[in-house]
Amino acid sequence: MLHQNLIAGEWTEGVAVNRDINPSNLDDVVGEYARADARQAETAIEAAHEAFKSWSRATPEERSDVLDRVATEVLARKDELGRLLSREEGKTLPEGIGEAVRAGRIFKFFAGEALRIGGEKIPSVRAGVEVEITREPEGVIGIITPWNFPIAIPAWKIAPALAYGNCVVFKPADLVPGCGWALADIIARSGIPAGVFNLVMGSGSQVGNAIVRSPKVRGVSFTGSVDTGRKVAADLVARGAKVQLEMGGKNPMVVLDDANLDIAVGACVNGAFFSTGQRCTASSRLIVQSGIHDKFVDAVGQKLAQLKVDDALKPGTDIGPVVSQDQLDQDLSYVDIGRHEGARLMTGGERLNRETPGYYMAPALFVDTTNDMRINREEIFGPVATVIRVKDYEEAVAIANDTEFGLSSGICTSSLKHASDFKRRSSAGMVMVNLPTAGVDYHVPFGGRKGSSYGPREQGAYAREFYTSVKTAYTLP
Ligand code: UN1
């Protein structure tokens, strides 16, 4: 079966076929997916533009019901969707199912939010005049998502877009069309009117560019690389449209001498290596105080030796494969870069062979690194972490903040004073105490500072900032 695009309420053939390959087993084709071109993307945008006339006036309950039906089906099919996710992306089955549940919960949350779009009525400074402040949907929203969270990131962009009355043209990542298609199929059967939600699978150069450049698209929410994000922003800003970017991270995790060693090791190993390190929130720089340094490095080394790297779907696998050949090449090249820069590779960093041909790699830990090395400045996006030794808390904070990124940060400590101070001084959008830098709640704002993010926050009620426009109305009754 060829999985087609959803354009103007019709399942539509593309101009080419994309084979979705399982990174745990390159002989396994997950499915065949239609690839659209720029013209088809424009047809979808046109349909969304047309559908906006009525969807923007749908009652809160109509929108809420649609989202609620999507949530219910996603949650009921969590095991199957989680399996599809792990099969096409390579995170472990429990991680895949967890992500499917997260996606369902996000739709549930926004089913509620759709009913809570309020406003304010306040007295004017002029006698007898009334002022009302309301929120209205923007129009057509383009949604461009990455491969590393194939269902959660689409969910946290699509759900608020629809909840607040926008129409959507959604382009999932070319590497993982399966979850995007499955979600689109669920949305298509939720009672949503034709054209309100469109799925257009295809390349960035065709579909992505068409979305970014169309004057009918009022805003784009993009998660992906820094380079692409900046280009997307340049195009949108040039025509005065809204843009929300979530790009990279080089997230610091500080471990102080007074940390609970088990908690610190658990948080760092999870944050750095789970989901194969392919999270923009990954704890990639471990900044460790001298007194605990050797104990910590030994314990992390022991833990890594116990982790099973294997087929994402195999029971007992802790770390699945890297997503693609390109990504694996990038990860391995950073291992070389680190060695040449004088960092000491304590463990891992080599390609592994398993029963099936796949992109397996041993999680790599570098020690004796300094913050000016490329492995500490550039996002690697794989199972590679570094340790930077520091003498005290002040040096740790300075190094944690010395990065062009600012998505998440963490500290492991039993000192309330240091925890409070770090929460205040960290230059990241999200700060974690005694928790991994990755793995966030779905009902609170998500986003970063500096080179990591641009535009209003995603998720939680804060999502309305991007997906709505504020109107101030004055009346003299
Ligand atoms: C998480 O850490 O739970 O691409 C979510 C990413 C982020 C999502 C992280 N946008 O890794």
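The paragraphs below walk through the domains, the nonpolar cores and the charged residues of this structure. The model is a predicted one.

The domain assignment divides the protein into two parts: domain 1, made of 2-247 + 452-475, and domain 2, made of 251-433. Taken over C-alpha atoms, the centres of the two domains are separated by 31 Å. Where the domains meet, 24 residues from domain 1 and 28 residues from domain 2 take part in the contact.

A good place to start looking is the interior. The largest nonpolar core contains 92 residues, and within this core Phe107, Phe110, Ile158 and Phe197 have the most contacts. Helix α5 (residues 152-163) supplies the largest share of this core, with nine residues. Because domain 1 and domain 2 both give residues to this core, it lies between them. Phenylalanine 110 offers a view of the surroundings: setting aside residues up to four places away in sequence, phenylalanine 110 touches Leu67, Ala159, Pro160, Ala163, Tyr164, Gln459, Gly460 and Ala463. A second core, separate from the largest one, has 29 residues, among them Ala259, Cys268, Ile292 and Ala362.

Attention now turns to charged side chains. Across the whole structure, a search finds 31 salt bridges. In one of these, the side chains of arginine 189 and glutamate 73 meet with an N to O distance of 2.8 Å. Arginine 189 sits in the loop between α6 (177-188) and β10 (197-199), while glutamate 73 belongs to helix α2 (residues 60-76), so that the pair links distant parts of the chain, 116 residues apart. Arginine 189 counts as partly exposed, because its relative accessibility is 47%. The pair also belongs to a wider arrangement, as Glu73, Arg77, Glu80, Asp185 and Arg189 are linked in a network of salt bridges.

Another salt bridge joins arginine 389 and aspartate 294, with the closest N and O atoms 3.5 Å apart. Since arginine 389 lies in strand β19 (residues 384-390) and aspartate 294 in helix α10 (residues 290-306), the pair ties together parts that are 95 residues apart in sequence. Arginine 389 is partly exposed, with 42% relative accessible area, and aspartate 294 is also partly exposed, at 46% relative accessibility.

Arginine 344 and aspartate 368 form a further salt bridge, in which the closest N and O atoms are 3.3 Å apart. Here a strand is joined to a loop: arginine 344 lies in strand β15 (residues 344-347) and aspartate 368 in the loop between β18 (364-367) and α12 (374-377), so the pair ties together parts 24 residues apart in sequence. Arginine 344 has a relative accessible area of 47% and is therefore partly exposed. Aspartate 368, with a relative accessible area of 41%, is partly exposed too.

Some charged residues tell another story. Arginine 63, which is found in helix α2, is buried yet has no salt bridge. The nearest side chain of opposite charge, that of glutamate 62, is 7.3 Å away, whereas a salt bridge requires the nitrogen and oxygen atoms to be within 4 Å. What does the side chain of arginine 63 reach instead? A polar atom of this side chain lies 3.1 Å from the backbone oxygen of tryptophan 55, and the side chain also reaches the backbone oxygen of serine 56 at 3.0 Å. Leaving aside neighbours within four places in sequence, the residues in contact with arginine 63 include Trp55, Ser56, Ala114, Ile117, Leu162 and Tyr164.

Glutamate 89, placed in helix α3 (residues 78-89), is likewise buried and without a salt bridge. Lysine 91 provides the nearest side chain of opposite charge, 4.6 Å away. A polar atom of the glutamate 89 side chain does, however, lie 2.9 Å from the backbone nitrogen of lysine 91. Not counting residues up to four places away in sequence, glutamate 89 touches Pro23, Trp147, Asn148, Pro150, Val176, Gln278 and Val323.

Finally, glycine 266 is located in helix α9 (residues 261-273). With a relative accessibility of 28%, glycine 266 counts as partly exposed. Glycine 266 and alanine 299 are 33 residues apart in sequence, and their C-alpha atoms are 9.7 Å apart in space.

Note on methods. Residues are numbered from 1 along each chain as its sequence is written. This is a predicted model: local features need pLDDT of at least 70, side-chain atom pairs count only at pLDDT 80 or more; totals for chains, interfaces and linings use all residues. Side-chain values use heavy atoms; hydrogens and water are left out. Helices (H or I, at least four residues) and strands (E, at least two) are DSSP runs, numbered from the N terminus. Buried means under 20% relative accessible area, exposed over 50%, partly exposed in between (1.4 Å probe, protein chains only). Lys and Arg count as positive and Asp and Glu as negative; His and the chain ends are not counted. A polar contact is a pair of N or O atoms within 3.5 Å; within protein, one must be able to donate a hydrogen and the other to accept it, and residues adjacent in sequence count only if both atoms are side-chain atoms. Contact means heavy atoms within 4.5 Å. A nonpolar core is a set of buried Ala, Val, Leu, Ile, Met, Phe, Trp, Tyr and Cys residues joined through side-chain atoms within 4.5 Å. Domain bounds come from an automatic or database domain assignment.
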